[in-house]
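Trainee: I would like to go through this structure and check the labels people put on it. Can we take them one by one?
Mentor: Yes. Open it up and we will start.

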Amino acid sequence: MKYISRIHLCTHIAMALLLMTTMAGCGLKRQAVPVELQHEAVMPDFDEIRFYGDTVFKAPEEMAEDWKKGAALYANDEPLIFLSLSGGGADGAFGAGFLSGWSARGDRPEFRVVSGVSTGALIAPFAFLGPEYDNLVEMFYTTFDTDKIAKMRPIGSALAGDSLMTTEPLRHQLKTFVTAEVIRKIAKAHRKGRRLFIGTTNLDEMRPVYWDIGEIAQYDNPKAHQLIRDVILASASVPVAFPPVYFHVEADGVTYDEMHVDGGVTNQVFAYPVSVRLGEVMEKMGDTRKVKLYIIRNDALVSSGIQVEPTLNAIATRSLAGLIRNQGIGDLYRMYATAQRDGVDYNLAFIPPSFNEESDEMFDPTYMKKLYRVGFKMAMGDNPWHKCPPEDLAPHH
């Protein structure tokens with residue numbers, strides 16, 4: 001079976017769902033935002049640091065003015081490079097290896113905009129800052145096992161709580177690696193017109209939320225630094241398996257807890273909202289530069305045929321894996337259509353279907369090292385990019 005690391009994760013989710021349907025837990029208490037106020041909720045002490053990914057987040061005139069300010073910091077003939085990093089759990093080792101191979105190849109550009117979801121959110125800040133952080137990302141995706149990311153909770157605690165596992169180990173890793181120095185470098189790049197976005201899912205509203213990490217970094221205080229780490233953690237928090245992240249927000253003068261989970265629940269990968277007609281904005285500003293979009297999808301897009309056991313757990317696991325895979329394919333086609341509309345040069349890399357290694361756990365260093373090398377080697381090849389999503393997604397034997 002291919003990509004057992006993803007199957008491990010889906011198995012944990014499936015087992016938890018099955019258990020929770022047979023045993024009623026009291027659940028955690030929180031001060032949830034009333035439905036009628038959810039669209040008004042704001043982050044106290046922060047201004048314009050996030051927006052919904054399924055709507056127009058600024059007036060066209062304001063958007064054009066922001067673009068003009070950023071464009072003025074770049075040479076008129078310098079292409080604008082977007083990088084989008086997808087979800088994929090331990091398969092993020094592919095993206096980590098690909099970026100390192102791209103650096104070794106010698107033609108990796110400076111990205112104007114970087115966006116990340118789930119495992120892509122863990123890579124995105126360091127991809128944004130450049131090749132000097134390749135070794136750190138490599139260490140994370142080739143030496144860390146499951147215990148350094150998450151730990152199983154006692155079954156009683158899991159059933160009475162909000163997840164099967166605790167992500168305290170990952171929270172600790174984020175504090176170790178996403179340091180004040182890293183955040184200040186992100187803030188400096190932001191002031192030069194570059195942008196870093198992390199996607200989460202507001203589970204109450206079931207809407208994608210894109211967080212402007214560079215804008216948060218401008219505040220340069222402990223609260224802002226922790227907010228950035230929490231956003232990254234939320235983006236990687238697979239529902240049921242991992243606990244949600246709760247953000248304190250205000251609506252109508254009252255403080256509430258807003259629940260956020262894995263950005264992959266709403267988008268496996270994104271570059272910019274479909275509502276942003278990038279070509280029209282650039283034309284209005286007289287900006288004639290080329291825009292290139294590079295997407296690294298930490299998945300093979302192809303599922304091998306297996307013989308599914310006639311059990312609830314096996315059926316649920318296989319179905320969840322299929323939902324994730326097919327949602328990701330849909331995201332790639334959406335991005336392709338948007339790129340075609342806006343005149344953006346579309347480039348896609350994904351795990352080759354020929355990769356058939358198996359994993360012994362959710363985050364298996366041996367498995368991830370092999371996948372890292374696959375990504376590295378692919379990036380070093382003559383033509384690592386697909387110019388459109390593949391039309392043939394059937395497995396080849």
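**Checking the labels**

Mentor: This is a predicted model. Begin just past helix α4, where Gly-130 follows with a positive phi, near 115°.

Trainee: What makes α4 mostly covered?
Mentor: The count of buried residues. Helix α4 spans residues 119-129, and 11 of its 11 residues are buried. Buried means under 20% relative accessible area. Among those that pass are Thr-119, Gly-120, Pro-125 and Phe-128. Leu-122, Ile-123 and Leu-129 are also buried.

Trainee: How much of the chain counts as buried?
Mentor: Of its 397 residues, 54%. The chain has 13 helices and 11 strands.

Trainee: Why is α3 called roughly antiparallel to α5?
Mentor: Look at the angle. Helix α3 (residues 92-105) and helix α5 (residues 134-143) pack at about 155°, with their axes 9 Å apart. The cut-off for roughly antiparallel is over 145 degrees, so α3 qualifies against α5. Their crossing is left-handed.

Trainee: Which residues of α3 and α5 meet?
Mentor: From α3, Gly-92, Ala-93, Ala-96, Leu-99, Ser-100 and Ser-103. From α5, Asp-134, Val-137 and Tyr-141. By class, this contact has 5 nonpolar, 3 polar and 1 charged residues.

Trainee: At what angle do α3 and α13 pack?
Mentor: About 35°, with the axes 6 Å apart. Helix α13 covers residues 365-379. The crossing of α3 past α13 is right-handed.

Trainee: Which residues make up that contact between α3 and α13?
Mentor: On the α3 side they include Phe-94, Gly-97, Phe-98, Gly-101 and Trp-102. On the α13 side they include Met-368, Leu-371, Tyr-372, Gly-375 and Phe-376. The class count for α3 with α13 is 13 nonpolar, 4 polar and 1 charged residues. Ala-93, Ala-96 and Ser-100 take part in this contact, and they also meet α5.

Trainee: Now the charges. How do you know that Asp-45 forms a salt bridge with Lys-223?
Mentor: Check the distance. The closest N and O atoms are 2.5 Å apart. The rule asks for a Lys or Arg side-chain nitrogen within 4 Å of an Asp or Glu carboxyl oxygen. The pair meets the rule and counts as a salt bridge. Asp-45 sits in the loop between α1 and β1, and Lys-223 in helix α10, 178 residues apart.

Trainee: Are Asp-45 and Lys-223 exposed or buried?
Mentor: Asp-45 has 59% relative accessibility, so it counts as exposed; the line is drawn at over 50%. Lys-223 comes to 45%, so it counts as partly exposed.

Trainee: What ties strand β1 to strand β9?
Mentor: A salt bridge between Arg-50 and Glu-258, with the closest N and O atoms 2.6 Å apart. Arg-50 lies in β1 and Glu-258 in β9, so the bridge ties together parts that are 208 residues apart in sequence. At 2% relative accessibility, Glu-258 counts as buried.

Trainee: How far apart in sequence are Arg-334 and Asp-331?
Mentor: They are 3 residues apart, about one turn of helix α12, where both lie. They form a salt bridge, with the closest N and O atoms 3.2 Å apart. Arg-334 has 24% relative accessibility, so it is partly exposed. Asp-331 has 6%, so it is buried.

Trainee: How many salt bridges are there by this rule?
Mentor: The count comes to 19. Asp-54, Glu-205 and Arg-207 are linked in a network of them.

Trainee: Why is Pro-208 called buried?
Mentor: Its relative accessibility is 9%, so Pro-208 falls in the buried class, which takes values under 20%. Pro-208 lies in strand β7.

Trainee: What does Pro-208 touch, leaving out residues up to four places away in sequence?
Mentor: Phe-51, Tyr-52, Gly-53, Asp-54, Thr-200, Thr-266 and Asn-267. Asp-54 is also part of the salt-bridge network. From Pro-208 to Gly-264, C-alpha to C-alpha, is 8.8 Å, with their positions 56 residues apart in sequence.

Trainee: What share of the chain's contacts between residues at least 6 apart joins residues at least 24 apart?
Mentor: The share is 80%.

Methods
Residues numbered from 1 in each chain as written. Predicted model: local features only at pLDDT ≥ 70, side-chain atom pairs only at ≥ 80, totals over all residues. Heavy atoms only, no water. Axes fitted to C-alpha atoms, helices over the stretch in contact; angles between N-to-C directions. Helix = DSSP H or I, 4+ residues; strand = E, 2+ residues; numbered from the N terminus. Parallel < 35°, antiparallel > 145°, perpendicular 65-115°, else oblique. Left-handed = near helix turned anticlockwise from the far one by under 90°. Contact = heavy atoms within 4.5 Å. Nonpolar A, V, L, I, M, F, W, Y, C, P; charged D, E, K, R; others polar. Buried < 20%, exposed > 50% of the residue type's maximum accessible area, 1.4 Å probe, protein only.
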